[in-house]
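Hi everyone, thanks for making the time. I'd like to walk you through a structure that's probably new to most of you, so settle in and have a look.

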Amino acid sequence: MDRSNPWNPNVKTEKTRRRITVDPEPWSLLSSRLRPFGGSCLPRLSYCLIVIALPRMGALHYAVSTRIAVRLYRAFTSGGRYRGGMGNAEAISDGGKGAEDRTGLIGRESTAVPGRFGDPLTVEYALYSRKEAAANTSRPLFLIMHGWGSNEEDVADLMRYVAPYNDSISLRAPMVVPGSEKGMFGPGYTWFHDMRPEREDLDRDGYAAAKAIDEWVGEHIPADRQIVVMGFSQGGMLAVHLLRVNPERYRASVCLSGFLAPGLVEGTAPADVRLADLEKPVFFGFGSEDTIVPKYEFRALAAWLDEHTWLQAHEYDHLDHSVDIRELNDLRQWLADINVSSGLM
């Protein structure tokens, strides 16, 4: 159906919201039946549903079946079953195994970056745009997060093309990627204790990083200044997770090749229920040839965002783990449509 864009009344946006409830019990039952036949059986089945079968279905079947396939994948890989929605599900372990890993916000020791998953972080370095990011206070401010091994100057360069007249602040991740200080361009930084943590590790690291960013925002940006969060890869994950931590503070989110924390650890996505009622605009773009983030992760994130936000998602053919001019064009137009930028170059 067509209805007015809540952020720009002059633009009509096509949006259909579907609330789909799937009984989790059949998936845990199927998981237990298929588990003896090999650890990769069900993930491959769900991957086939998401990547091969679903694009050949109609829109409604696609929306329903994507959620079913994601539930299949999660029910198997969790080692248990889920109760409640997909956003911040309560994990119930089999026979109490792994219960200790799912209680606290600080987890196991990392083998990639020194420290433990979920260790508290502090943001210390930021790159401001002209006039200390106060040249155009009538427009929302962009808060930018980079990915693994990069720095605060990387994604900030995109602002010249997508929103050149908006102010921006680009944050440097708090941790150094081991060995990167010996590279030609100096050290690279990371928000997480691995390039792409999974399961409880991602929950803990994602929450710790989002909490550190949100605290930095509270200390350095006036409360009445609207903020659009934007990030790539790890930063894209955080651009979404900030909405799951403090959705009222952020005007919109731009997620470029990001991924989703599963919500296995209680308390790591505390605002999921509130977020679904706020209609926050989210732009999500990813490449069809991405070899860093599996395609089923993109499908899971798109399905979750469709249920919790005002989503515009784009998949770009022949694009790997990067961005290109097509994505930047779509993003610039979307920012104009939701009245965040002027749309001018």
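**A walk through the model**

Let me start with one residue: aspartate 324 is buried, with a relative accessible area of 19%. Keep in mind that this is a predicted model. So what does aspartate 324 pair with? Its salt-bridge partner is arginine 326, and the closest N and O atoms of the two are 2.7 Å apart. Arginine 326 counts as partly exposed, at 33% relative accessibility.

Okay, let's step back to the whole chain. The protein chain has 345 residues, and buried ones make up 54% of them. Its secondary structure comes to 10 helices and 13 strands. If you take contacts between residues at least 6 apart in sequence, 75% of them join residues at least 24 apart.

How confident is the predictor? The mean pLDDT of the chain is 79, and 69% of the residues reach 70 or more. Over residues 12-102, though, the pLDDT is below 50. That stretch still has 147 contacts in the model beyond near neighbours in sequence.

Now the sheet. In what order do its strands come? Seven strands form an open sheet, and the order reads 5-7-6-10-11-12-13, with mixed pairing. At the edges you'll find strand 5, residues 126-128, and strand 13, residues 310-316, each of which pairs on one side only. On average, neighbouring strands of this sheet are turned by 15 degrees against each other, ignoring direction.

Zoom in on the pair made by strand 6, residues 141-145, and strand 10, residues 227-232. Those two run parallel and are joined by five bridges. For instance, isoleucine 144 has methionine 230 in strand 10 as its bridge partner.

Which helices pack on the sheet? One of them is helix 7, residues 234-245, which touches strand 6, strand 10, strand 11 and strand 12. The direction of helix 7 makes about 145 degrees with that of strand 10. Helix 9, residues 295-308, packs on the sheet as well, touching strand 11, strand 12 and strand 13. Its direction makes about 165 degrees with that of strand 12.

Let's stay with helix 9, since a salt bridge starts there. Arginine 299 in helix 9 meets glutamate 315 in strand 13, at 3.2 Å from N to O. The two residues are 16 apart, and the pair links distant parts of the chain. Is each partner buried or exposed? Arginine 299 is buried, because its relative accessible area is 10% and the cut-off for buried is under 20%. Glutamate 315, at 30%, counts as partly exposed.

Helix 9 also holds glutamate 297, which counts as buried at 15% relative accessibility. What does glutamate 297 touch? Leaving out residues up to four places away in sequence, it touches Arg196 and Leu260. Leucine 260 is 37 residues away along the chain from glutamate 297, yet their C-alpha atoms are separated by 7.2 Å. There's a network here too: salt bridges that share partners join Arg196, Glu198 and Glu297. As general background, side chains of opposite charge can pair when their charged atoms come close. In total, the count for this model comes to 14 salt bridges.

Another of those pairs takes us to helix 6. Arginine 199 and glutamate 200 meet through their side chains, at 3.6 Å from N to O. Glutamate 200 is buried at 9% relative accessible area, whereas arginine 199 is partly exposed at 31%.

Helix 6 itself covers residues 199-220. How far should its 22 residues span? At 1.5 Å a residue, the expected span is 32 Å, and the end C-alpha atoms are 32 Å apart, so the two agree. Helix 6 is mostly covered, with 16 of its 22 residues buried.

Last stop: two backbone oddities. Glutamate 132 has a positive phi of about 55 degrees although it isn't a glycine. It sits in helix 4, residues 130-133, and counts as exposed at 60% relative accessibility. Glutamate 279 also has a positive phi, near 55 degrees, and it isn't a glycine either. You'll find glutamate 279 in the loop between helix 8 and strand 12, where it counts as partly exposed at 21%.

That's my tour, thanks for listening.

Key:
Residues numbered from 1 in each chain as written. Predicted model: local features only at pLDDT ≥ 70, side-chain atom pairs only at ≥ 80, totals over all residues. Heavy atoms only, no water. Pairing = 2+ DSSP bridges. Helix = DSSP H or I, 4+ residues; strand = E, 2+ residues; numbered from the N terminus. Axes fitted to C-alpha atoms, helices over the stretch in contact; angles between N-to-C directions. Contact = heavy atoms within 4.5 Å. Salt bridge = Lys/Arg side-chain N within 4 Å of Asp/Glu carboxyl O. Buried < 20%, exposed > 50% of the residue type's maximum accessible area, 1.4 Å probe, protein only. pLDDT = per-residue confidence, 0-100. Expected span 1.5 Å × (residues − 1).
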